[in-house]
Amino acid sequence: MKRIWEVLYSSFGNKCPRCHNGEVFKYNNPYNLKHFDEMNTECPCCGEIFERETGFYYGAMYVSYAWMAGWFIVTYTFNSMFIGADLLNYLLFFFISILILSPMTFRVSRITWLNFFVKYKPDKANCKKMAH
Ligand SMILES: [Zn+2]
């Protein structure tokens, strides 16, 4: 269970999965559309390599489907229970929301994918530069 929170913290906070301190993407704002996909090649804090072998991030596509399926289930349930919009309106909302969220989905999926391979090691968060 603790592991799930670690993954969510890292994925949504743009934090290195190993030290939870350095940033994975260079710019924190996913809606900085010119630069939203620029990643650090390695963690500025613990040195974990983010740019792994070529094609590594293809797997993030599947994570992205999973996040979208989750988003679908949550919004569909919410609509059925509280709003009651008809299917066409709901689907319209769903696709527009997916479009608007896509820069975020892209980043969250990549970091979640990275989390499958890299585990949180609190003792690695010892960089001086970012110590709070
Ligand atoms: Zn790190």
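**Three helices and the loop between H1 and H2**

I would like to begin in the loop that joins H1 to H2, where Asn14 is found. Please bear in mind that the model before you is predicted. Asn14 follows directly on H1, and its phi is positive, near 55°. The residue is not a glycine, and a positive phi is therefore worth pointing out, given that most residues other than glycine have a negative phi. As to its surroundings, Asn14 has 19 other C-beta atoms within 10 Å and is partly exposed. Burial requires 20 or more, so the 19 around Asn14 leave it outside the buried class.

The loop holds another such residue. His20 lies between H1 and H2 as well, and phi of His20 is also positive, near 55°, although it is not a glycine. Its C-beta neighbours inside 10 Å number 18, so His20 counts as partly exposed.

Let me now step back to the whole protein. The secondary structure consists of 3 helices and 0 strands, and the order of elements from the N terminus is α-α-α. The C-alpha trace extends over about 55 × 35 × 30 Å along its principal axes. Of the 132 residues, 23% count as buried. If we take the contacts between residues at least 6 apart in sequence, 64% of them link residues at least 24 apart.

I turn next to the helices themselves. H1 covers residues 2-13. Its end C-alpha atoms are 16 Å apart, which agrees with the 16 Å that 12 residues should span at 1.5 Å a residue. H2 runs over residues 60-83. It has 24 residues and reaches 32 Å from first C-alpha to last, close to the expected 34 Å. How many of the 24 residues of H2 are buried? The number is 2, so H2 lies largely in the open. After H2 comes Gly84, with a positive phi near 75°.

How, then, do the helices pack? H3 is made up of residues 87-117. The axes of H2 and H3 come within 9 Å of each other and cross at roughly 140°. H2 is therefore oblique to H3, and the crossing is right-handed. On the H2 side, the contributors to the contact include Trp67, Met68, Phe72 and Tyr76; on the H3 side, they include Tyr90, Phe94, Ile98 and Trp113. Sorted by class, this contact comprises 11 nonpolar, 6 polar and 1 charged residues. Arg110 of H3 is among the residues that take part. Thr75 of H2 also belongs to this contact. The C-alpha of Thr75 is separated by 9.4 Å from that of Phe93, 18 residues away along the chain. Phe93 lies in H3 and is partly exposed, since 14 other C-beta atoms are within 10 Å of its own.

H3 also packs against H1. Here the angle is about 145° and the axes are 8 Å apart. H1 passes H3 in a right-handed crossing. The residues involved are Val7, Ser10, Ser11 and Phe12 from H1, with Val108, Ile111, Thr112 and Asn115 from H3. By class they divide into 4 nonpolar, 4 polar and no charged. I would draw attention to Val108 and Thr112, which take part in this contact with H1 and also appear in the contact of H3 with H2. In general, residues three or four places apart in an α-helix point the same way, because there are 3.6 residues a turn.

To finish, I return to the loop between H1 and H2 for a pair of contrasting positions. Asn21 and Lys34 both belong to this loop. Which of the two conditions, buried or exposed, applies to Asn21? Asn21 is buried, because 20 other C-beta atoms lie within 10 Å. Its C-alpha is 9.2 Å from that of Lys124, although 103 residues separate the two along the chain. Lys34, by contrast, has 7 C-beta neighbours inside 10 Å, so it counts as exposed. From Lys34 to Lys124 the C-alpha separation is 31 Å, with their positions 90 residues apart in the chain.

In summary, the picture is of 3 helices without strands, in which H3 contacts both H2 and H1. The loop between H1 and H2 includes a buried residue, Asn21, and an exposed one, Lys34. Thank you.

Conventions:
Residues are numbered from 1 along each chain as its sequence is written. This is a predicted model: local features need pLDDT of at least 70, side-chain atom pairs count only at pLDDT 80 or more; totals for chains, interfaces and linings use all residues. Axes are lines fitted to C-alpha atoms, for helices over the stretch in contact, and angles run from 0 to 180 degrees between N-to-C directions. Helices (H or I, at least four residues) and strands (E, at least two) are DSSP runs, numbered from the N terminus. Angles under 35 degrees count as roughly parallel, over 145 as roughly antiparallel, 65 to 115 as roughly perpendicular and the rest as oblique. A crossing is left-handed if the near helix is turned anticlockwise from the far one by less than a right angle, and right-handed if clockwise. Two residues are in contact if their C-beta atoms, placed from the backbone, lie within 7 Å. Ala, Val, Leu, Ile, Met, Phe, Trp, Tyr, Cys and Pro count as nonpolar, Asp, Glu, Lys and Arg as charged, and the others, Gly among them, as polar. A residue is buried if 20 or more other C-beta atoms lie within 10 Å of its own, exposed if 12 or fewer, and partly exposed in between; C-beta atoms are placed from the backbone. The expected span of a helix is 1.5 Å times one less than its number of residues.
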